[in-house]
Amino acid sequence: MDTTEPTPAGDPFGPPTISTMVHCLHCGEEYDSYRIEWRVKTCRDGKRHGFWCCPIPGCDGAGFGFDIFPVDPEYRDDDGNLMWCSDDEEEEDDYDEELLFGEDPLEGIRIDQGDDEIPF
Ligand SMILES: [Zn+2]
């Protein structure tokens, strides 16, 4: 048997060196990122895999930056990268942006409501 336990070293979903307030997408709880737990589980392939897991009992959220995100949208990781929009900047997908702005169903409603609310 391979008795080597997986270690958190090099796991991309580990919590940051400096603890920050995080929010778990699965349970909705907020807590300090240092509470994120390293758990080792035996997977279906029989191998031992380690995961950074949400510390809330009964929650299966896992991974800082995967299920668990910093509360602060301006948060930067240890490398100084924004966690929230670094992907968007890299992809440069103009089509998605056009669709998002052009098909905003609330845009027209907002304008209409604005007119109705002015009684003069
Ligand atoms: Zn959770």
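Two residues are in contact if their C-beta atoms, placed from the backbone, lie within 7 Å. The structure is a predicted model, in which local features need pLDDT of at least 70, side-chain atom pairs count only at pLDDT 80 or more, and totals for chains, interfaces and linings use all residues. Residues are numbered from 1 along each chain as its sequence is written.

**Exercise 1.** Describe the secondary structure of the protein chain and the separation of its contacts.

Step 1. Helices (H or I, at least four residues) and strands (E, at least two) are DSSP runs, numbered from the N terminus. The protein chain has three helices and five strands.

Step 2. Along the sequence, these elements follow the pattern β-β-β-β-β-α-α-α.

Step 3. Of the contacts in the protein chain with a separation of 6 or more, 54% join residues 24 or more positions apart.

**Exercise 2.** Determine the strand order of the open sheet and identify its edges.

Step 1. Two strands pair if DSSP finds at least two bridges between them. Three strands form the open sheet, in the order S2-S1-S5, with antiparallel pairing.

Step 2. Strand S2 (30-32) and strand S5 (68-70) each have a single partner strand and stand at the edges, so one side of each lacks a neighbour in the sheet.

Step 3. On average, neighbouring strands of this sheet are turned by 35° against each other, direction ignored; axes are lines fitted to C-alpha atoms, for helices over the stretch in contact, and angles run from 0 to 180 degrees between N-to-C directions.

Step 4. Strand S1 (residues 21-24) is joined to S2 by three bridges, and the two run antiparallel. Valine 22 has tyrosine 31 in S2 as its bridge partner.

**Exercise 3.** Characterise the hairpin of S3 and S4 and the burial of S3.

Step 1. Strand S3 (residues 37-42) and strand S4 (residues 48-53) run antiparallel and are joined by six bridges.

Step 2. Opposite glutamate 37 stands cysteine 53 in S4, while valine 40 faces glycine 50 in S4.

Step 3. Five residues lie between the strands of this hairpin, where glycine 46 takes a positive phi near 85°.

Step 4. A residue is buried if 20 or more other C-beta atoms lie within 10 Å of its own, exposed if 12 or fewer, and partly exposed in between, with C-beta atoms placed from the backbone. Among the six residues of S3 the count of buried residues is zero; in the protein chain, buried residues make up 12% of the 120 residues.
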